Amino acid sequence: MLPIIVSLVITISAYVFIGIYYLGTNRWPTTYQNKRVLFITAHPDDECMFFGPTIRFFKQTGEVFLLCMTNGNYDGLGPERADELLQSSRHLGVKPDNVKLIDSKVILDGPDAEWNCSDVSEEVVKHTNEIKPDIIVTFDEYGVSGHTNHIATGRGVRYAFDKQLLPENTRLYQLKSVNIFRKYSSFIDCFISSTSMVYNIGSFKDIVNIQSAMKCHKTQLTWFRKLYCMFSRYMVVNTLQSVL
C-alpha cells in the first residue's frame, strides 16, 4: 500500500510542478494585440471565478470591457453585488467606466429563471454597437457549471453572432467547459490545457489578482466557494474555442 501512496504523491507533485512551469504562458493569434475585448457574463463574480486569466491577458495587450447580464439580485443583494463587481473589476485591471451591469425585468438572476434568447441578444447588440469590440468572450453551451443563466448568456450571444447582428468583423470566443476532474485540478491542468489551440495561463501575479478580485465578492464567499477558489483550474487557466 505504501509504494502506491508514494507513487501517487510523486505523480501528483510532478504534475503540479509542470503546471507551475507553464504559469504566464498563452497561445493566441499574434494579430490579437491592441484589441477591444468584451467579456459577457451572467452574474457579478463570474468575471473572476471563470474568466480571470483571459481578462488579465487582454488587460495587458488591449482594452477590456465587461457586460454582466444581471445584478445578481437572486437573494435580494443586487445593489451590494453591483458594488462588489466594480471592486473586483479594479483588481482585474478593468476600468470602472468599462463595466456595464444590466438590471432587466425579463433577464432575472436565478437558476429557475428562463431567459429568452432574443432578450439577451437585444441587450448584447445594444452594448456592442456602443463599444464596437473586436473580440467577444463568453460561456459555451454548458456554461462551465451547467447554471441555466450561464447557458442562456452563451446562447444569447451566439444567437446575435449567428444572425450577424454584431458589429462587422467581431470575433467570438467561448470559454470551454471541462469535466469535473479537470475543473478542480488547479495547477495540474496547466499541462493539459497548454495543448489547446487557444489558452491563457495566468502568471503568479495574475493569480494573486484574481484571488483578490474574488475576495471583493464578500456576499458570495461561502465555504464551498472558498474551496472552489483553492482548487478550480478556472482561477488559473482558461481554454477557449473560436466560433466561426
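**Close-up views**

**View 1. K176 sits in the loop between β6 and α7.** This is a predicted model: local features need pLDDT of at least 70, side-chain atom pairs count only at pLDDT 80 or more, and totals for chains, interfaces and linings use all residues. Residues are numbered from 1 along each chain as its sequence is written, and side-chain values use heavy atoms, without hydrogens or water. Helices (H or I, at least four residues) and strands (E, at least two) are DSSP runs, numbered from the N terminus. K176 has a relative accessible area of 29%, so it counts as partly exposed (buried is under 20%, exposed over 50%, partly exposed in between; 1.4 Å probe, protein chains only). Neighbours within four places in sequence aside, K176 is in contact with D140, R233, Y234, T239, L240 and Q241 (contact: heavy atoms within 4.5 Å). E141 lies 35 residues from K176 in sequence. The C-alpha atoms of K176 and E141 are 8.8 Å apart in space.

**View 2. Eight strands build an open, mixed sheet.** Their order is β1-β7-β8-β6-β5-β2-β3-β4 (two strands pair if DSSP finds at least two bridges between them). The edges are β1 (26–27) and β4 (99–101), and each of these strands pairs on one side only.

**View 3. β5 runs parallel to β2 and parallel to β6.** Strand β5 covers residues 135–139, and three bridges join it to β2 (residues 36–41). V37 has I135 of β5 as its bridge partner. On the β6 side, five bridges join β5 to β6. Here I135 stands opposite R171, and F139 stands opposite L175. I135 thus appears in two pairings: with V37 and with R171. Both strands are mostly covered. In β5, five of five residues are buried. In β6, four of five are buried.

**View 4. Helices α5 and α6 lie across strands of the sheet.** Helix α5 (residues 117–131) lies across β2, β3 (63–68), β4 and β5. It runs at about 160° to β2 (axes are lines fitted to C-alpha atoms, for helices over the stretch in contact; angles run from 0 to 180 degrees between N-to-C directions). Helix α6 lies across β2, β5, β6 and β8 (237–243). Its angle to β5 is about 145°. Strands β2 and β5 are crossed by α5, and α6 lies across β2 and β5 as well.

**View 5. G52 belongs to helix α3.** The helix covers residues 52–61. Eight of the 10 residues of α3 are buried, so the helix is largely enclosed by the rest of the structure. The buried residues are G52, P53, T54, I55, R56, F57, F58 and T61. G52 has 0% relative accessibility, so it counts as buried. Beyond its neighbours within four places in sequence, G52 is in contact with E47, I210 and N238. Q87 is 35 residues from G52 along the chain, and their C-alpha atoms are separated by 14 Å.

**View 6. The largest pocket has a volume of about 400 Å³.** On a 1 Å grid over the protein atoms alone, a pocket is an open set of points where a 1.4 Å probe fits, with protein on both sides within 12 Å along at least five of seven lines; lining residues have an atom within 4 Å of a point. Points are joined across faces, edges and corners, and the volume is the space filled by probe spheres set on them. Of the 19 lining residues, H43, D45, M49, H147 and R225 are closest to the centre. The elements giving two or more residues to the lining are α2 (46–49) and α10 (223–231). Helix α10 gives the most, with three. By class, the lining has seven nonpolar, five polar and seven charged residues (nonpolar: Ala, Val, Leu, Ile, Met, Phe, Trp, Tyr, Cys and Pro; charged: Asp, Glu, Lys and Arg; polar: the others, Gly among them).

**View 7. Q164 and S186 have positive phi values.** Most residues other than glycine have a negative phi. Q164 has phi near 55°. It lies in the loop between α6 (148–162) and β6 (171–175). With a relative accessible area of 72%, Q164 is exposed. S186 has phi of about 45° and is not a glycine either. Its loop joins α7 (180–183) and α8 (189–193). With a relative accessible area of 10%, S186 is buried.
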